[in-house]
Amino acid sequence: MAVIGTDRDLVALVNTFTVEPRDQERLVELLHEATEDVMRHFPGFVSANVHVSLDGTKVCNYAQWESEEHFTKAIEHPDSQPHFTPCWAIATSVSALYRLRVTEGG
């Protein structure tokens with residue numbers, strides 16, 4: 001289960017994809033498969049969450065890792081590459097790594 005809090009010094013990948021509305025659900029499926037089949041098995045993986053925009057044109061992948069090094073090793077590993085090729089065929093993306101500083105709410 002994903003828990004977002006400042007009590008752990010995690011790195012978060014925020015990857016926002018732009019897709020045609022007809023491809024939004026397919027992209028969600030591809031990201032889920034990549035996570036289940038490969039990414040979650042790498043050392044340092046904590047969680048992944050996929051959000052979809054209401055207009056159908058965006059998919060946001062929010063993934064937590066123990067460190068930048070863990071994330072980099074996983075994403076550069078040859079086993080991860082084939083799982084993302086189909087994503088690039090239907091979407092473009094903008095991504096960055098972040099550290100959480102503040103949470104609000106109950």
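**View 1. Seven elements of this predicted model supply the lining of the largest pocket.** Strands β1 (11-19), β2 (45-52), β3 (58-65) and β4 (91-98) each give at least two lining residues. Helices α1 (24-37), α2 (68-76) and α3 (81-90) each do so too.

**View 2. The largest pocket holds about 300 Å³ of space.** Its lining counts 18 residues. Closest to the pocket centre are L13, N15, F71, I75 and F84. By class, twelve lining residues are nonpolar and six are polar. No charged residue is part of this lining.

**View 3. Helix α1 has its buried residues on the same side.** The buried residues are Q24, L27, V28, L30, L31, A34 and T35. They cover an arc of only 165 degrees around the axis, so they share one side of α1. In an α-helix, residues three or four places apart point the same way, because each turn takes 3.6 residues. The buried residues of α1 pack against strands β1, β2, β3 and β4, and against helix α3.

**View 4. The span of α1 agrees with expectation.** The helix has 14 residues. At 1.5 Å a residue, α1 should span 20 Å. The C-alpha atoms at its ends are 20 Å apart, so the two values agree.

**View 5. H51 sits in strand β2.** H51 has a relative accessibility of 47%, so this residue counts as partly exposed. Beyond its neighbours within four places in sequence, H51 is in contact with K58, V59, C60 and Y62. S80 lies 29 residues from H51 along the chain. The C-alpha atoms of H51 and S80 are separated by 21 Å.

Key. Residues numbered from 1 in each chain as written. Predicted model: local features only at pLDDT ≥ 70, side-chain atom pairs only at ≥ 80, totals over all residues. Heavy atoms only, no water. 1 Å grid on protein atoms, 1.4 Å probe; cavity = no way out; pocket = protein on both sides within 12 Å on 5 of 7 lines; lining within 4 Å. Points joined across faces, edges and corners; volume = space filled by probe spheres on them. Helix = DSSP H or I, 4+ residues; strand = E, 2+ residues; numbered from the N terminus. Nonpolar A, V, L, I, M, F, W, Y, C, P; charged D, E, K, R; others polar. Buried < 20%, exposed > 50% of the residue type's maximum accessible area, 1.4 Å probe, protein only. Contact = heavy atoms within 4.5 Å. Expected span 1.5 Å × (residues − 1). Arc of directions from axis to C-beta.
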